Amino acid sequence: VVNKGSTVPVKFSLTYATDNAPVLPPDIELVVKNSAGEILTTYFMDKGDEGVRFDKGNNQYLVNVHTGKLGLSEGEYQLVARIAEVEVGSTKMTLK
């Protein structure tokens, strides 16, 4: 559960099953969807602090989801990692 208006640091990794090496696609995205499944915003690679970044030291992707800037109200949202618009992982975020 996250407080409405806060910034949520999202960290995730994508690895190959064969050798656990990090997947480093140039077109990774993080999508925020509402409870109806509608896309509210998409964070893209190489957009600085406002996009998806890759931390080579920890082999993790990083995104700061600014719930206040997005105007998100209380409720449940889905955070979806995509490669070339194909969903490769997701988690839920609840705002109160």
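1. Let's start with the four-stranded sheet in this predicted model. Its strands line up in the order β3-β2-β6-β7, the sheet is open, and the pairing is antiparallel. If you want to find the edges, look for β3 (39–44) and β7 (86–95), since each of these pairs on one side only. Going from one strand to the next, the twist averages 20°.

2. Now zoom in on β6 and β7. How many bridges join strand β6 to β7? There are nine, and the two strands run antiparallel. You can check the register with a couple of pairs: I83 has V86 in β7 as its bridge partner, and E76 stands opposite T94, also in β7.

3. While you're there, have a look at the turn. β6 and β7 make a hairpin, with two residues between them. One residue in that turn, A84, has a positive phi of about 50°.

4. There's also an open sheet of three strands, ordered β1-β5-β4 and again with antiparallel pairing. Here β1 and β4 (53–55) stand at the edges; each has a single partner strand, so one side of each is left without a neighbour in the sheet. On average, neighbouring strands in this sheet are turned by 30° against each other, if you ignore direction.

5. Which strand does β1 pair with over six bridges? That's β5, and the pairing is in the antiparallel sense. For one concrete pair, find T7: its bridge partner in β5 is H66.

6. Next, the aromatic rings. A pair of such rings is described by how far apart the centres are and by the angle of the planes. In this model the count comes to two aromatic pairs. One of them is F12 with Y61, and this pair is stacked, at 5.3 Å centre to centre with 20° between the planes. The angle is what earns the label, because planes under 30 degrees apart count as stacked.

7. I like this pair as a link through the chain. F12 sits in strand β1 (residues 7–12) and Y61 in strand β5 (residues 60–66), so to speak two distant parts of the chain, 49 residues apart. Add F54 and you get one aromatic cluster made of F12, F54 and Y61.

8. Are F12 and Y61 buried or exposed? F12 has a relative accessible area of 15%, and Y61 has one of 1%. Both count as buried, because the cut-off for that word is under 20%.

9. Now try T67, which lies in helix α1 (residues 67–70). Its relative accessible area is 0%, so T67 is buried. What is T67 in contact with, leaving aside its neighbours within four places in sequence? The answer is N3, K4, G5, S6, V8, L72, M93 and L95.

10. Last point: G68, also found in helix α1. G68 has 44% relative accessibility and counts as partly exposed, because that value falls between the 20% and 50% cut-offs. Not counting residues up to four places away in sequence, G68 touches G5 and S6. Try checking G68 against K4 as well: they are 64 residues apart in sequence, yet 6.8 Å apart in space, C-alpha to C-alpha.

How values were computed
Residues numbered from 1 in each chain as written. Predicted model: local features only at pLDDT ≥ 70, side-chain atom pairs only at ≥ 80, totals over all residues. Heavy atoms only, no water. Helix = DSSP H or I, 4+ residues; strand = E, 2+ residues; numbered from the N terminus. Buried < 20%, exposed > 50% of the residue type's maximum accessible area, 1.4 Å probe, protein only. Contact = heavy atoms within 4.5 Å. Phe/Tyr/Trp six-rings, centres within 6.5 Å; stacked < 30°, edge-to-face > 60°. Pairing = 2+ DSSP bridges. Axes fitted to C-alpha atoms, helices over the stretch in contact; angles between N-to-C directions.
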